[in-house]
Amino acid sequence: MKFTEEHEWLDADGDVVTVGISAHAAEQLGDVVFVELPEVGTAVNKDDEVVVIESVKAASDILAPIDGEIVEVNEALAEDPGKVNEDPEGNSWFFRIKAEDLSQMDEYMDEAAYKDFIG
Amino acid sequence: MSEDDETALKRTPLYDLHASLGAKMVPFAGYEMPVQYPMGVLKEHQHTRAAAGLFDVSHMGQVVLRARDPEAAKRALETLVPVDVLGLKEGRQRYAYFTNDHGGIDDDLMIANRGDHLFLVVNAACKEADIARLRAALEPEVTVKEITNRGLLALQGPQAAAVLAEHHPEVAEMAFMDIRTLPIAGAECWVSRSGYTGEDGFEISVPEAAAADLARALLAHEAVAPIGLGARDSLRLEAGLCLYGHDIDTQTTPVAAGLTWAMQKVRRPGGARAGGFPGWEAIFDELAESCAQKRVGLRPEGRAPMREGVALFAEETGGEAVGRVTSGSFGPTVGGPVAMGYVSTALAGEGTVLFGEVRGKRLPVRVAKMPFVPHGYKR
């Protein structure tokens, strides 16, 4: 698993990468009350805003961490946004993206480096 | 914010208690205040509606007005607020606001008649200006004293009365907006049956030295949980209550804000003490002719919250904005997004469908009745 400075995690299975937010991010956001997911089939570029997530406190975005095509979204989160807080680094992934270039993941942190990053 | 600024933040008598409870502290109106506890905003909100929540509101301003003749203090205060202060009975409290020369609202407050003096509670962010205004207008006939050696707690929720009655049985007899002096947890407390959540509950002014002990004693009850500013905001929003600086401010009039219920007959046109407060001419004109915009409740039809600043339109495409959201969030008890804001009077009717622009998309939102959750006051 890799982590971005935007507090997203990426987990690659072949060239399909699952993306979610870290437990740290979920805790900082507070109770999530709204999730807007992208459409399956959308082509995205790295740093595109692909998900809107709103907590009781504020709205924030999840950026596409790599270039590719959205191949699956976790509809369960749109129906029950509170799931994000329950299992952020497990079942509560947001979308799966078919990577154009997996080497884009190389710049991201491993778990130990991310732990240092969040202090 | 620099470190210097942070060290300049004031702390309430409950600061150490908040820290021991694991509160997340944020700067708010010059104070370091708990925004949430480990329970989280959503559960804190639900707990308050289901049982009882304890809030630290010690940052708010507490002010005592005294005059040799108590009636003189009441008469003097009526020159600053459009409410009936002379007719406020001893042991009763009422909602009021300071108006400005344009008929806007400079702050909202509570006024209590405590026999030989008046007791005011004003917003933290406005308290210096409010006290300066009171001094300028009322002294020397009336002495204006800021009470800085007392904390202020709020115990809110359907279990609040049962919990507080364990400390003093008399609270059970009090009605909404009653205020009494009662010994609680060994200290002289000024207890009013009021609050800012829409629930039954109490606000307790307590000597600083006894504040933390009282808070601990209340929290020891299984029905009571500590509640932060985050849930305080979602609770008051569901209750349809205005937040000063957001839903009402120097530019909004009591007529536009729908707060004329707080202007008793005697201060209105034709009343024995009509007018006589700042901006009364402008406010009376609006009372007679209505005003351009009105504050309304708003229920977004989708799940996306519409937050403060969202522009409202009459049509899904094109046209000029017809209003704006002034407070908006997810309402945990409602189970969906709720908001309030100002819209053109012609579009302020309940059920009118408008469109709020969220992230470039216009989403439907319905003008709705407030409160969004029925009040639980014991009248």
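Two strands pair if DSSP finds at least two bridges between them, and helices (H or I, at least four residues) and strands (E, at least two) are DSSP runs numbered from the N terminus. With that in hand, let's work through some exercises.

The structure above is a predicted model, in which local features need pLDDT of at least 70 and side-chain atom pairs count only at pLDDT 80 or more, while totals for chains, interfaces and linings use all residues. Residues are numbered from 1 along each chain as its sequence is written, and chains are lettered from A and ligands numbered from 1 in the order in which they are written.

**Exercise 1. Get to know chain B.**

Task: describe the confidence, make-up and dimensions of chain B.

Step 1. Start with pLDDT, the predictor's confidence in each residue, from 0 to 100. Chain B has a mean pLDDT of 96, and 98% of its residues reach 70 or more. For the complex, the predictor gives an ipTM of 0.84 and a pTM of 0.94.

Step 2. Move on to the elements: chain B has 10 helices and 19 strands. Its radius of gyration is 21 Å, close to the 21 Å that the globule rule gives for 379 residues, so chain B is as compact as a globular protein of that length. (The radius is taken over C-alpha atoms, and the rule is 2.2 Å times the number of residues to the power 0.38.) Along the principal axes, the C-alpha atoms of chain B fill a box of roughly 65 × 50 × 45 Å.

Step 3. Now look inside. A residue is buried if 20 or more other C-beta atoms lie within 10 Å of its own, exposed if 12 or fewer, and partly exposed in between, with C-beta atoms placed from the backbone. Of the 379 residues in chain B, 49% are buried.

**Exercise 2. Trace the barrel.**

Task: follow the pairing from strand 14 of chain B around the closed barrel.

Step 1. Write down the order: 6 strands of chain B form a closed barrel that runs 14-17-16-15-18-19, with antiparallel pairing. Neighbouring strands of this sheet are turned by 45 degrees against each other on average, direction ignored; the axes are lines fitted to C-alpha atoms, for helices over the stretch in contact, and angles between N-to-C directions run from 0 to 180 degrees.

Step 2. Begin at strand 14 (residues 293-300) of chain B, where 7 of the 8 residues are buried. Strand 14 is joined to strand 17 (residues 336-344) of chain B by 6 bridges, and B:Q293 has B:S344 as its bridge partner.

Step 3. Carry on from strand 17 of chain B to strand 16 (residues 321-331), a pair held by 8 bridges. Here B:S329 is partnered with B:V338.

Step 4. Pick up strand 15 (residues 311-313) of chain B, which shares 2 bridges with strand 18 (residues 353-358); B:F313 stands opposite B:F355. Strand 18 of chain B then makes 6 bridges with strand 19 (residues 361-368). That hairpin has 2 residues between the strands, and B:R359 takes a positive phi near 50 degrees there.

Step 5. Close the ring: 4 bridges join strand 14 of chain B to strand 19 of chain B, running antiparallel, with B:L298 opposite B:V367.

**Exercise 3. Read the open sheet.**

Task: find the edges of the 5-strand sheet in chain B and the helix packed on it.

Step 1. The strand order is 5-6-7-4-8, with antiparallel pairing. Strand 5 (92-99) and strand 8 (143-146) of chain B stand at the edges, each with a single partner strand, so one side of each is left without a neighbour in the sheet. The twist averages 25 degrees from one strand to the next.

Step 2. Inside the order, 5 bridges join strand 4 (residues 61-66) of chain B to strand 7 (residues 118-122). One of the paired residues is B:L65, whose partner is B:L118.

Step 3. Add helix 5 (residues 127-138) of chain B, which packs on the sheet and makes an angle of about 10 degrees with strand 4 of chain B.

**Exercise 4. Place B:A223 and the interface.**

Task: locate B:A223, then describe where chain A meets chain B.

Step 1. B:A223 sits in the loop between helix 7 (208-219) and strand 13 (224-226) of chain B. It counts as partly exposed because it has 17 C-beta neighbours inside 10 Å.

Step 2. Two residues are in contact if their C-beta atoms, placed from the backbone, lie within 7 Å. By that test, 9 residues of chain A are in contact with 12 residues of chain B. Strand 4 of chain A gives the most to its side, with 3 residues.
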